[in-house]
Amino acid sequence: MALDLRFDGDPVLRAVAAPVTAFDDDLALLVAEMLATMYAAPGRGLAAPQVGVSQRVFVIDTTWKEGDPTPQAFVNPQIVARADSTATGVEACLSIPGRSFAVARPTWVELRWQDIAGEVQQGRFDGVEAICICHEYDHLDGVLITDIGVAQ
């Protein structure tokens with residue numbers, strides 16, 4: 001079931017999201033509904049605050065528009081390393097419809113997170129995945145692309 005999106009101006013988008021402490025059926029359902037919402041929108045990423053849930057969870061799928069779906073869920077993510085080099089690209093946001101912004105992002109990030117069972121994971125992400133992760137990670141800290149980008 002798709003959830004209702006929240007839009008720029010909604011206070012939940014500006015709050016720092018709380019850590020997830022319960023790795024249960026409710027979390028699994030939230031992640032499933034977030035993925036359904038992201039695909040329906042259609043987007044490549046979605047953070048829990050964008051559906052009104054102030055928890056440190058986001059989902060991404062950077063491949064489904066061009067090929068097979070590769071959904072990924074990140075709970076309590078932490079960026080533990082990032083490239084010194086950046087690339088500037090144009091980004092859009094499901095919570096800011098009809099607008100896009102040029103945003104500089106690191107060319108890669110290393111992330112530590114928990115999966116929906118609570119198991120700690122770590123990995124390095126490059127290119128579009130790094131951009132998407134940084135975008136959704138910003139949502140967990142109440143940061144929007146309107147804060148860091150240049151309107152296009």
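Is Arg56 buried or exposed? In this predicted model, Arg56 has a relative accessibility of 12% and therefore counts as buried, the cut-off being under 20%. Its side chain forms a salt bridge with Asp141, with the closest N and O atoms 3.1 Å apart. Distant parts of the chain are linked by this pair, since Arg56 lies in the loop between β1 (45-47) and β2 and Asp141 in the loop between α2 and α3, 85 residues apart. Asp141, at 31% relative accessibility, is partly exposed.

Seven salt bridges were found in the whole structure. One of them joins Arg14 to Asp147, where the closest N and O atoms are 2.5 Å apart. Arg14 belongs to the segment before α1 (25-40) and Asp147 to helix α3 (residues 145-148), so this salt bridge ties together parts that are 133 residues apart in sequence. Both residues are partly exposed, with relative accessibilities of 39% for Arg14 and 42% for Asp147. Arg6 and Asp10 also meet through their side chains, at 3.0 Å from N to O. In addition, salt bridges link Glu91, Arg105 and Asp138 in a network.

Three strands form an open sheet in the order β4-β5-β8, and their pairing is antiparallel. The edges are occupied by β4 (86-93) and β8 (150-151); each has a single partner strand, so one side of each lacks a neighbour in the sheet. Strand β5 (residues 96-106) is joined to β8 by two bridges, and Ala102 has Val150 as its bridge partner in β8. Helix α2 (residues 127-140) packs on this sheet and touches β4 and β5, with its direction at about 110° to that of β5.

The 14 residues of α2 span 21 Å from the first C-alpha to the last, close to the expected 20 Å. Of these residues, 10 are buried, so the helix is largely enclosed by the rest of the structure. Among the buried residues are Ala130, Ile133, Tyr137 and Leu140. Just after the helix, Gly142 adopts a positive phi of about 75°.

The largest nonpolar core contains 16 residues, of which Phe58, Phe74, Val109, Leu111, Phe125 and Ile133 touch the most other members. At least two residues of this core come from each of β2 (57-60), β3 (72-82), β6 (108-114) and α2. The greatest contribution is that of α2, with six residues. Beyond its neighbours within four places in sequence, Ile133 contacts Phe58, Ile60, Phe74, Val109, Leu111 and Phe125. Another core, of 15 residues, lies apart from this one and includes Val20, Met34, Leu35 and Val75.

Key:
Residues numbered from 1 in each chain as written. Predicted model: local features only at pLDDT ≥ 70, side-chain atom pairs only at ≥ 80, totals over all residues. Heavy atoms only, no water. Pairing = 2+ DSSP bridges. Helix = DSSP H or I, 4+ residues; strand = E, 2+ residues; numbered from the N terminus. Contact = heavy atoms within 4.5 Å. Axes fitted to C-alpha atoms, helices over the stretch in contact; angles between N-to-C directions. Expected span 1.5 Å × (residues − 1). Buried < 20%, exposed > 50% of the residue type's maximum accessible area, 1.4 Å probe, protein only. Core = buried A, V, L, I, M, F, W, Y, C linked by side-chain atoms within 4.5 Å. Salt bridge = Lys/Arg side-chain N within 4 Å of Asp/Glu carboxyl O.
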